[in-house]
Amino acid sequence: MLPAANRHKARSTRSGDVVSSLPSARPARRRSLPVVDEPKSSLATDGRRRFIYPADVTGRFATARKAVFLLLIAIYAALPWITIGGHPALFLNVERREFYLFGGVFNAQDMWMTVFLFTGAAFGLVVVTATLGRVWCGWACPQTVFLDGVFRRIERIVEGPHDKRRRRDDGPWSLDKLWRKIVMHALFLGTSFLLAHVLLAYFVSVRSVLSFVVHRPSEHVEVFIGVSALTLVLYFNFAWFREQFCVVLCPYGRLQSALFDSDSLIVGYDVGRGEPRGKTKKENAGDCVDCLRCVAVCPTGIDIRNGLQMDCIACTACIDACDEIMDRLGRERGLIRYDSQNGLAGEPRKFWRPRMFVYAALGTLGILAASFAFSQRNAFDANLLRSVGAPYEVDGPVVRDAFHLHIVNKHSRVTTFTVEPRVAPNAEFLVPIRTVTLPPLGSADVPVFVTVQRASFRAEFPVRIAVVPNVGSAVEVTAAFLGPEKP
């Protein structure tokens, strides 16, 4: 895949002769395309930014995306309020190192599990991209969801259709332009402020966020500064930076050439059917009437007819726009469509190819490794530690070691633990507290004293104590009993 600055260099200077950027191009199926002096994009070849005014579009994909955006935004806003087992469905209390994930309870000692979480998510994105293309970018990425689903809708409501917005921005300042800009950016800032507080609720709980809001900022200066900074970042991103995040900052778009192959699903233009472009009554013209409607609705300003491009986020706006034109002309839909590069070139699309077999094998190994690792995790932690001070105490005819049993409840509910010392030769146990009841992620230290007759002590030996929860399996912990060496 060619970067925006070099895509036009791949095209021949001979009129009507094109070398496509699609790796699966079939010369027999391709008709000649006009010379492209400079590809359309939100980034000019000299690095300047072209501000995009995407036109409104309706259609099956636009309707489906609205429903998906609404669902994802609702989930994002609702998760801090939804409780499972008395705790938020997703709550990351970094300060206390307590993490709640859809009924699961985790603490800092479980951070190793995030390796499987992040690698699994990255691997899943690779597999999805190889099969469904950039469906994540166009349908589920937070940048797309909030930009197209919230901020651009605010912009359309306040400033009107794209052509009016463009003319107003290109024209001189007026009262009409001024009040619209003030209202729009006030709404942008307020929405960013709201999104920042929802994100904060994932880390400090909804109750704490509500408390922060009703109290003076001086009572929680650090939180106020953090939320204010996040609000400004979100405002800058969604009010001005916009598609530049996808084109300039996000590395995912630049990985397409490695993740895609000729059978990956993409949003593409059927060159064989559409070329040569011409008016409806032009003899021997293809189905493309060069109306530029696909360019007008593109949120990154590209021309999908130039082939697969890094800027394309597979938002499907061009599909709906082109289908609308085809319907008006009485022609078959699908000139621009979801298809593979092979499919667009008239070849059958294959799902199972070498890379998919490799992905299946790696995915199976990953699932097995994660399942084994998670199965080794106990629903509570128990450690038998030596108490601070001398390693042992000689009290007349006996030797005494002092320990403390540290228990952490990682169940999602209140759990009672019973402490059961295991029999040791010539040893006597004193456990003042035999049962402990702990809330989720609650902890307790239980003192344990072990006494051995000095005359019978020969060498250190293991002290074993079982911790038995009222639900689940017991865990046995061990520590060494120490005493004076024999002369």
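**Exercise 1. Find where Ala 314 sits, decide whether it is buried or exposed, and describe its backbone.**

Step 1. Ala 314 has a relative accessible area of 6% and is therefore buried; buried means under 20% relative accessible area, exposed over 50%, and partly exposed in between (1.4 Å probe, protein chains only).

Step 2. Ala 314 belongs to the loop between α12 and α13 (317-329). Helices (H or I, at least four residues) and strands (E, at least two) are DSSP runs, numbered from the N terminus.

Step 3. The phi of Ala 314 is positive, about 55°, although Ala 314 is not a glycine. Most residues other than glycine have a negative phi, and most peptide bonds are trans.

Step 4. Asp 290 is another residue other than glycine with a positive phi, near 55°. Asp 290 lies in the loop between α11 and α12, and its relative accessibility of 37% makes it partly exposed.

Step 5. The loop between α11 and α12 (293-296) also holds Pro 276. The peptide bond that joins Glu 275 and Pro 276 is cis, with omega about -5°.

**Exercise 2. Judge how far the model can be read, using pLDDT.**

Step 1. This is a predicted model in which residues are numbered from 1 along each chain as its sequence is written, and side-chain values use heavy atoms, with hydrogens and water left out. Local features need pLDDT of at least 70 and side-chain atom pairs count only at pLDDT 80 or more, while totals for chains, interfaces and linings use all residues.

Step 2. pLDDT is the predictor's confidence in each residue, from 0 to 100. Its mean over the chain is 88, and 92% of the residues reach 70 or more.

Step 3. Among the elements of the chain, the highest mean pLDDT (97) belongs to helix α1 (residues 60-78) and the lowest (82) to helix α10 (residues 256-259).

Step 4. Over residues 1-38, pLDDT stays under 50, and the model has 81 contacts beyond four places in sequence for them; contact means heavy atoms within 4.5 Å. Where pLDDT is low, the predicted coordinates should not be read in detail.

**Exercise 3. Describe the largest nonpolar core and the elements that build it.**

Step 1. A nonpolar core is a set of buried Ala, Val, Leu, Ile, Met, Phe, Trp, Tyr and Cys residues joined through side-chain atoms within 4.5 Å. The largest has 28 residues, of which Leu 384, Leu 405, Phe 461 and Phe 481 touch the most other members.

Step 2. Elements giving two or more residues to this core include β8 (380-386), β10 (398-409), β14 (443-453) and β15 (461-469). Five residues, the largest share, come from β14.

Step 3. Beyond four places in sequence, the contacts of Leu 405 include Leu 384, Val 419, Val 446, Ile 465 and Val 477.

Step 4. Another core, of 21 residues, lies apart from this one; Phe 61, Cys 288, Cys 298 and Cys 312 are among its residues.

**Exercise 4. Trace the salt bridges of Asp 110 and Arg 337.**

Step 1. A salt bridge is a side-chain nitrogen of Lys or Arg within 4 Å of a carboxyl oxygen of Asp or Glu. The whole structure has 36 of them.

Step 2. Asp 110 pairs with Arg 377 at 3.3 Å, N to O. The two are 267 residues apart, Asp 110 in the loop between β5 (104-107) and α2 (114-132) and Arg 377 in the loop between α15 (354-375) and β8.

Step 3. Asp 110 is buried, at 5% relative accessible area, whereas Arg 377 is partly exposed, at 22%.

Step 4. Arg 337 has its closest N and O atoms with Asp 270 3.1 Å apart. Arg 337 lies in strand β7 (residues 336-339) and Asp 270 in the loop between β6 (266-269) and α11 (271-274), so this pair ties together parts 67 residues apart in sequence.

Step 5. Arg 337 also forms a salt bridge with Asp 339, at 3.0 Å, N to O. Asp 270 is buried, at 6% relative accessibility, and Asp 339 is buried too, at 16%.

Step 6. A network of salt bridges links Arg 49, Arg 65, Asp 148, Arg 152 and Glu 243.
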